[in-house]
Amino acid sequence: MTKAISRKSRHEILLIQEAGRIVADTLTYLSQIVEPGMSTLDLDQIAEDRIRKAGALPTFKGYHGFPATLCTSVNDEVVHGIPRPDKILKDGDVISIDCGATYKGLVGDSAITVGVGKITDDLKQLLEATDASLHAGIGKMVAGNFLEDISAAVEDVGKTHGYGIVQNYGGHGVGRQLHEEPFLPNYRIGQRGPELKPGVVLAIEPMFNLGTKEVKTLSDNWTVVTQDGLPSAHFEHTVIVTENGPIIATERKS
Ligand code: MG
Ligand code: MG
C-alpha cells in the first residue's frame, strides 16, 4: 500500500512561505552578483549573512555534518558541492546554488543554476531545459494527481533534449524537516505513488546532465559529479498543493 504524504496545516504553510521568500530573495541576490573571480565561499558567506539577518537559520549548515549554508556545484559537479575559498569561478562556468532556510521551524528549499560571465549556447539550453522541466513538474502539483505525474513531466522534458537524467538524487517532501517522505524521482519508476492532496508540500529538483546520467561522489563524501566530466544543471522549488492549484513558495521576483 502506498503511504500517504503528510499534509501541512495552514500555519505551517504560512511559515514555509516565509522561509521560501527568504530563500528566493537570497538566490535572486546571489544570481545578480555572481561573477568571475568570486570564490564559492564568498557566495556562501553572503548567503548566510542574508538568511540570518532575515531572522531565519541556514538549514543545510550542520545537516548530517554539512559545513556550509549553500551547496555550490560548478560545471561537472551535480549537487552537494562544498563552498571553498580556493574554488574560484571563471568566465563560462555554470554553478548550481542550492539554498535552504528554516523560519520558525519550517523549511524552504530551492536551487538555481546560473552562468558565470558568458556561457555557451549548449549550456544555455541545458539550463533552460532543466528549469522548464521543473515548471512542467510544478504544473502537475494539482490535487487528485499522483506523485508519478510529476516525475513523468520532468522526465519527458529531459528525454526530449536527450540529456542524462540523474537517478540517484531527486525531490522530496519538505517542511518540518529538510528531507521528508516521499522521495520524488525525476523519472518514471512505474508506480503512481501517493495522491497529491491540498497541504502537500514537495521540493521538486530535476538534475540534467549534458552527457551521461551516471554520477559518482568525490572523496569529500559530499560532492556529486558526472562520471564523464560533462556539465550538469539543477533547479529546485518548494511547492504547495492547494485547492486552487500549485503555489511556489520559493518563487523569485526577478
Ligand atoms: Mg535544495
Ligand atoms: Mg531539496
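Trainee: Which residues coordinate the magnesium ion (ligand 1)?
Mentor: In this predicted model, the donors of that ion follow the spacing D-x10-D-x126-E along the chain. The coordinating atoms are side-chain oxygens labelled OD and OE, at 2.0 to 2.6 Å. The residues that supply them are D98, which is listed twice, D109 and E236.

Trainee: How many residues apart are D98 and E236, the pair that links distant parts of the chain?
Mentor: D98 belongs to strand β4 (residues 94-103), and E236 sits in the loop between β13 and β14. Both D98 and E236 are buried. Their separation along the chain is 138 residues.

Trainee: Which residues coordinate the magnesium ion (ligand 2)?
Mentor: The spacing of the donors along the chain is D-x62-H-x32-E-x30-E. One donor is the NE2 atom of a histidine, and the others are OD and OE atoms, at 2.1 to 2.2 Å. The residues are D109, H172, E205 and E236.

Trainee: Which residue coordinates both magnesium ions, where ligand 1 and ligand 2 are 3.1 Å apart?
Mentor: The donors of ligand 1 include an OD atom of an aspartate in the spacing D-x10-D-x126-E. For ligand 2, the spacing D-x62-H-x32-E-x30-E opens with an aspartate. With the two ions 3.1 Å apart, the residue stated to coordinate both is D109.

Trainee: How many residues apart in sequence are the parts that E205 and E236 tie together?
Mentor: Both glutamates coordinate the magnesium ion (ligand 2). E205 lies in the loop between β9 (201-204) and β10 (207-209), while E236 lies in the loop between β13 (232-234) and β14 (237-242), so the pair ties together parts of the chain. Both residues are buried. The separation of these parts in sequence is 31 residues.

Trainee: Are α3 and α4 roughly parallel or roughly antiparallel?
Mentor: The axes of helix α3 (residues 121-138) and helix α4 (residues 147-161) come within 7 Å and cross at roughly 155 degrees. Angles over 145 degrees count as roughly antiparallel. The relation of α3 to α4 is therefore roughly antiparallel.

Trainee: How many nonpolar, polar and charged residues make up the contact of α3 with α4?
Mentor: From α3, the residues Q125, A129, S133, A136 and G137 take part. Their partners in α4 are I150, A153, V154, V157 and H161. By class, the contact holds 6 nonpolar, 4 polar and no charged residues.

Trainee: What covers the buried residues of α4?
Mentor: The buried residues of α4 include L147, E148, I150, S151, A152 and A153. V154, E155, V157 and G158 are also buried. The elements that cover them include α3, β6 (164-165), β8 (180-184), β9 and β10.

Trainee: What is the handedness of the crossing of α1 and α2?
Mentor: The axes of α1 and α2 come within 10 Å and cross at roughly 145 degrees. I22, D25, T26, Y29, L30 and I33 in α1 meet L43, I46, A47, R50 and I51 in α2. This contact has 8 nonpolar, 1 polar and 2 charged residues. The crossing is right-handed.

Trainee: Is S39 buried or exposed?
Mentor: S39 lies in the loop between α1 (10-33) and α2 (40-53). Leaving aside residues up to four places away in sequence, S39 touches R84, P85, K87 and I88. Buried means under 20% relative accessible area. Because the relative accessibility of S39 is 4%, the residue counts as buried.

Trainee: Is N221 buried or exposed?
Mentor: N221 is placed in the loop between β11 (215-217) and β12 (224-226). Its phi is near 70 degrees, a positive value in a residue other than glycine. Exposed means over 50% relative accessible area. Because the relative accessibility of N221 is 65%, the residue counts as exposed.

Trainee: What is the relative accessible area of H64?
Mentor: H64 lies in the loop between β1 (57-58) and β2 (70-74). Phi of H64 is positive, near 50 degrees, in a residue other than glycine. H64 is exposed, and its relative accessible area is 66%.

Trainee: Where is P182, the residue that follows E181 across a cis peptide bond?
Mentor: The peptide bond from E181 to P182 has omega near 0 degrees and is cis. The place of P182 is strand β8.

Methods:
Residues are numbered from 1 along each chain as its sequence is written. Chains are lettered from A and ligands numbered from 1 in the order in which they are written. This is a predicted model: local features need pLDDT of at least 70, side-chain atom pairs count only at pLDDT 80 or more; totals for chains, interfaces and linings use all residues. Side-chain values use heavy atoms; hydrogens and water are left out. Donors are N, O and S atoms within 2.8 Å of the metal (3.2 Å for Na, K and Ca); water is not among the atoms, so sites may look incomplete. Helices (H or I, at least four residues) and strands (E, at least two) are DSSP runs, numbered from the N terminus. Buried means under 20% relative accessible area, exposed over 50%, partly exposed in between (1.4 Å probe, protein chains only). Axes are lines fitted to C-alpha atoms, for helices over the stretch in contact, and angles run from 0 to 180 degrees between N-to-C directions. Angles under 35 degrees count as roughly parallel, over 145 as roughly antiparallel, 65 to 115 as roughly perpendicular and the rest as oblique. Contact means heavy atoms within 4.5 Å. Ala, Val, Leu, Ile, Met, Phe, Trp, Tyr, Cys and Pro count as nonpolar, Asp, Glu, Lys and Arg as charged, and the others, Gly among them, as polar. A crossing is left-handed if the near helix is turned anticlockwise from the far one by less than a right angle, and right-handed if clockwise.
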